[in-house]
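Let us walk through this structure step by step, beginning with single residues and their contacts and ending with the empty spaces that the chain encloses.

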Amino acid sequence: MGAVLELAERAWRGELAETQVQPGTALVGFEELAPRLGFMSAFSNVAVVATDDGLVLLDTSSLFHAKRVYEDVRRWSPARVHTAVYTHGHVDHVFGLAAFEDEARQRGWPALRVVAHERCPERFARYRLTQGWNAAVNQRQFGFPRPVFPVDFREPDETLREARALEIGGTRIELQPARGETDDHLYAWLPAERTLATGDLFIWASPNCGNPQKVQRYPREWAQALRRMEALGAERLLPGHGPPIVGAARVRQALRETAELLETLVEQTLALMNQGARLDDVLQGVRLPDALLARPYLRPSYDDPRFIVRNLWRLYGGWWDGDPSHLLPAPEAELARALADLAGGARALSDAAERAAADANLPLACHLVELAAQAAPTTRACTPHARASTRRAARRSRA
């Protein structure tokens, strides 16, 4: 057993801290999981299938690990890359082909083929349209020193809307479209190997379908895709992020319980919406499945299930939360100054935020310190430093 499978075993047993398996971190390394099947653990993962006509890559990873993917795959096999499949168009899955394509040109090999969902090119076009916004989001989310977001995408050569089977060098790879984290997602099933490559439909964390900085996600359809995958009887699951899952019972459990998590959030949210509830009522009324969220592969380490509730509201109910004052609101700074005047000044709001944080009421503390900062942005107690101190105090009180 190599490092990748050892990590997989420890992760399944819950022996790792959530930061060691959540999607933002990765053990970077290659391992052969079965004859003619390799797995590159990276940000994001790549499955490599050796066929009689060449290699097939299921996802290609990111700019961060493209060089390492090429080197490790080449140590495993010298065969040309015949086909690459994008499970979806997120940038951490589609930027690992440059070295392989350079090699093909230098050796006079046929150009490799890229297959993706038909909506993938539309995603790339949207990314170019909103490059500055996505760069700002990436800087905020990943702590980059400057805004970064690529736009030079390797477009797919072939796209699909319905299920499609690839027959390459005696190997069958079945591709199935599925809306979930994105509207251009698909997963791959290798029936002879009993192996499932899920893309980001499984990531060793609570499903990333409520991310507040990203476009619409689809929790209900995601759960349906997980149920279809569960029915395949896979003996090996290769996720978009995190280690593989090996063993039919484990694969079935992981897929089933991920579907159950999404299903309960969808059912509860829609039930409250159908009663005419406002968003705040829905957020307070939905009960999180704590037993599921305690699973090592469902910890809310990258997304928060409460964000999924908000995303469902946006999907089925629009952007308005039901509060009339939010339809055409006053400028935030104007409201903050009015509340500060009523409270006795911005310092009073900031002090109240500190007390709320000390009492472990982080949501209230964040409201109050943000109001204080907007009411008096130059006051020392209301600077971003003060806001950060309040959040740190709240985190300490929750530990």
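A polar contact is a pair of N or O atoms within 3.5 Å, where, within protein, one of the two must be able to donate a hydrogen and the other to accept it. The model shown here is a predicted one, and a good place to try out this idea is D157, whose side chain makes a polar contact with the side chain of R154 at 3.2 Å. D157 sits in the loop between α5 and β7, the latter spanning 158-160. With a relative accessibility of 46%, D157 counts as partly exposed, because that class covers values between 20% and 50%. If residues up to four places away in sequence are not counted, D157 touches L112, R113 and V114. Of these partners, R113 shows how the chain brings together residues that are separated in sequence, since D157 and R113 are 44 residues apart along the chain while their C-alpha atoms are 6.1 Å apart in space.

Another loop residue to look at is R217, which is found between β11 (195-199) and α6 (219-230). Is R217 buried or exposed? R217 is buried, its relative accessible area being 2%, and this value falls under the 20% limit for that class. Leaving out neighbours within four places in sequence, R217 is in contact with H90, G180, E181, N208, C209, N211, N311, R314 and L315. One of these residues, E181, has its backbone oxygen 3.4 Å from a polar atom of the side chain of R217.

From polar contacts we can move on to charged pairs. Side chains of opposite charge can pair when their charged atoms come close. In this model the count comes to 27 salt bridges, where a salt bridge is a side-chain nitrogen of Lys or Arg within 4 Å of a carboxyl oxygen of Asp or Glu. A first example joins R13 and E9, with the closest N and O atoms 3.2 Å apart. Both residues are partly exposed, R13 with a relative accessible area of 46% and E9 with a relative accessibility of 23%. The two also belong to a network of salt bridges that links E9, R10, R13, E15 and R250.

A further salt bridge joins the side chains of D52 and R36, with 2.9 Å from N to O. D52 lies in the loop between β3 and β4 (54-58), and R36 in the loop between β1 (29-34) and β2 (37-41), so this pair ties together parts that are 16 residues apart in sequence. D52 is exposed at 61% relative accessibility, whereas R36, with a relative accessible area of 40%, is partly exposed.

The salt bridge between the side chains of R227 and E230, at 3.2 Å from N to O, has another setting. R227 and E230 are three residues apart in helix α6, and they are therefore separated by about one helical turn. R227 is partly exposed, with a relative accessible area of 29%.

We can now turn from the residues to the spaces between them. How many cavities of 30 Å³ or more does a search of the whole structure find? The search finds four, and the largest cavity has a volume of about 60 Å³. Its lining consists of F39, N45, V46, A47, L58, D59, T87, A197, G199, L238 and P239, and the elements that give two or more residues to this lining are β3 (46-51), β11 and β12 (236-239). Sorted by class, the lining of the largest cavity has seven nonpolar, three polar and one charged residues.

Pockets are treated separately from cavities, and the largest pocket holds about 2700 Å³ of space. Of the 49 residues that line the largest pocket, P212, L283, F307, R310 and H367 lie nearest its centre. Several helices give two or more residues to this lining, among them α8 (279-285), α10 (305-317) and α13 (362-375). By class, the lining of the largest pocket has 20 nonpolar, twelve polar and 17 charged residues.

The second largest pocket has a volume of about 650 Å³. It is lined by 35 residues, and those closest to its centre are V91, N138, F142, F149 and K214. The elements that give two or more residues to this lining are α4 (120-129) and α5 (131-142), and α5 provides the largest share, five residues. The lining of the second largest pocket divides into 17 nonpolar, eleven polar and seven charged residues.

How values were computed:
Residues are numbered from 1 along each chain as its sequence is written. This is a predicted model: local features need pLDDT of at least 70, side-chain atom pairs count only at pLDDT 80 or more; totals for chains, interfaces and linings use all residues. Side-chain values use heavy atoms; hydrogens and water are left out. Helices (H or I, at least four residues) and strands (E, at least two) are DSSP runs, numbered from the N terminus. Buried means under 20% relative accessible area, exposed over 50%, partly exposed in between (1.4 Å probe, protein chains only). Contact means heavy atoms within 4.5 Å. On a 1 Å grid over the protein atoms alone, a cavity is a set of points where a 1.4 Å probe fits but cannot get out, and a pocket is an open set with protein on both sides within 12 Å along at least five of seven lines; lining residues have an atom within 4 Å of a point. Grid points are joined across faces, edges and corners, and a volume is the space filled by probe spheres set on the points. Ala, Val, Leu, Ile, Met, Phe, Trp, Tyr, Cys and Pro count as nonpolar, Asp, Glu, Lys and Arg as charged, and the others, Gly among them, as polar.
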